[in-house]
Structures are given as structure tokens and as C-alpha cells.
Amino acid sequence: MISDFHTHNLLASPGTAIVNLPEEWTLCPDLFRPLPGALYSAGIHPWWTADAERTHRMLDALPRLLERPQVVRVGECGFDRLRGASLETQVEVFEAQVAMAECFGLPMTLHIVRAFDVLLRLKKQLCPTVQWTVHGFRGGPALARQLLDAGLDLSFGLHFNAAAYDLTPAERRWRETDELPEAGATGYECV
């Protein structure tokens, strides 16, 4: 039973959490050493898109992670109007990851900051067959209803709007820690 839908804690107890792989492992899939029984998500965070060369290398390498049976979700990926490359570039990187998610039949975990309009437009335009879940949702009930009506699931962290949480059906509502490891906790570096 997954009690932590989204975490960055590489030491999370196997089988209880979906651990989001760090940038270094997305860039260099050979660094990935899954723990027995652990589940992972792999994707290109919008914050990682500022360096075009690194982003293209990650896009090329990502399928090598997605084919691993321990990787059960694509993400976290999405849009952040406050950080990362231009929104246009973030959309291009996101659309590439949507195509991979569809190809591998993996659901997606989404990081969305001040870009729910873009998310809803692309959800309608791309008509995905895999489930999309907005992680760390803090919005109010009106936005929650809009996203739920569009077919998105919601994951809630430590800080959330109680009314939005309550109106989200239990089968479409997740809990997460989104806990960040200490700097350098991976102990690996891609060269």
C-alpha cells in the first residue's frame, strides 16, 4: 500500500512510497540502482529545463529509465512560470514526456505552478490515455473541481486547502511528503 505518493527521499521504505529520481539519474540512467521492492517515478522537472543541452540529453536518456519495471510513473514534470526555461520550452519538454508516458503506458505526476490554464489546454488537446495527477496541490475547491472534472487526480502534501481535499473523491486523492533529501544525498554525479 503506497502511503507516500510522491517523495524525493531515496531512503523511503520500499513499497510504501513512489520515489522521484534525481536529476543526475535522469541524465545518466546507468546510475540508477533500485532498491528491492521500491517504486520510482522518472521525468524531467520543469526546473531542470533551463540548460537546453542537459534537457536534450535527459530527453534522450529518459526512455532507458521508463523501461525499468521499478519505474511506475513519468514525472515529476510539468510547468513552472517562476523557474526553469521559457514556458514554450517547458511545454515542448512536457509534450515529449507525454508521448513517452503513452508509449510506455505509465501515468504521470505533474508539477504545476501558475500554469493550470496550460495544463487544462494540453489535457484537452492531447487526450491522454494514461492518468495525470497534480502533485502538491494547494489550490482551492473551485480549481480542484475544475481539475477533477477534466479527469486529473490530485495529490496533497503537508500544506493544502481542506475544502479541496474533502471534495476530492478518495479514489482520486493521494497523500505525499515531497520530502527533499539533504544536498548531495545521492552520492552520485554524472560525468
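Here is a walk through this structure, from its sheet to the helices packed around it. Keep in mind that what you're looking at is a predicted model.

Let's start with the sheet. It's an open one with 8 strands, paired in parallel, and the order is β1-β2-β3-β4-β5-β6-β7-β8. At the edges you'll find β1 (4-7) and β8 (173-175); each has a single partner strand, so one side of each is left without a neighbour in the sheet. If you compare neighbouring strands, ignoring direction, they're turned against each other by 30° on average.

Now take a look at the β8 end. Strand β7, residues 153-156, pairs with β8 in the parallel sense, and 3 bridges hold that pairing. To see the two strands side by side, find Leu154: opposite this residue, in β8, stands Arg173.

From there, head over to β5 (108-113). How many of the residues of β5 are buried? The count is 5 of 6, so to speak a mostly covered strand. On one pairing, β5 runs parallel to β4 (71-80), with 6 bridges between them. Phe79 has Ile112 in β5 as its bridge partner. To get from β4 to β5, the chain passes through helix α3, residues 87-104, and this β-α-β crossover is right-handed.

β5 also pairs with β6, again in parallel, over 3 bridges. Here Leu110 is matched with Val134 in β6 as its bridge partner. The chain travels from β5 to β6 by way of α4, in a β-α-β crossover that is right-handed.

That brings us to the helices. Two numbers are handy for this part: a pair of packed helices is described by the angle between the axes and the distance between the axes. For α3 and α4, the angle is about 40° and the axes are 12 Å apart. An angle under 35 degrees would count as roughly parallel, but α3 and α4 are therefore oblique to each other. Their crossing is right-handed. Which residues make the contact between α3 and α4? From α3 come Leu87, Val91, Phe94, Glu95 and Val98, and they meet Val118, Leu122, Gln125 and Leu126 of α4.

While you're in α3, stop at Val93, which sits in this helix. Is Val93 buried or exposed? Its relative accessibility is 5%, so Val93 counts as buried. Apart from neighbours within four places in sequence, Val93 touches Ile44, Thr49, Thr55 and Leu59. There's a link to an earlier part of the chain too: Gly43 is 50 residues away from Val93 along the chain, yet their C-alpha atoms are separated by 9.9 Å.

Last stop: α4. This helix covers residues 116-126 and packs on the sheet, where it touches β4, β5 and β6. The direction of α4 makes about 175° with that of β6. Several α4 residues are buried, namely Phe116, Val118, Leu119, Leu120, Leu122 and Lys123. What covers them? The cover includes β4, α3, β5, β6 and α5 (141-149). Just past the end of α4 comes Cys127, with a positive phi of about 45°.

Conventions: Residues numbered from 1 in each chain as written. Predicted model: local features only at pLDDT ≥ 70, side-chain atom pairs only at ≥ 80, totals over all residues. Heavy atoms only, no water. Pairing = 2+ DSSP bridges. Helix = DSSP H or I, 4+ residues; strand = E, 2+ residues; numbered from the N terminus. Axes fitted to C-alpha atoms, helices over the stretch in contact; angles between N-to-C directions. Contact = heavy atoms within 4.5 Å. Buried < 20%, exposed > 50% of the residue type's maximum accessible area, 1.4 Å probe, protein only. Right-handed = clockwise from strand over helix to strand, strands pointing away. Parallel < 35°, antiparallel > 145°, perpendicular 65-115°, else oblique. Left-handed = near helix turned anticlockwise from the far one by under 90°.
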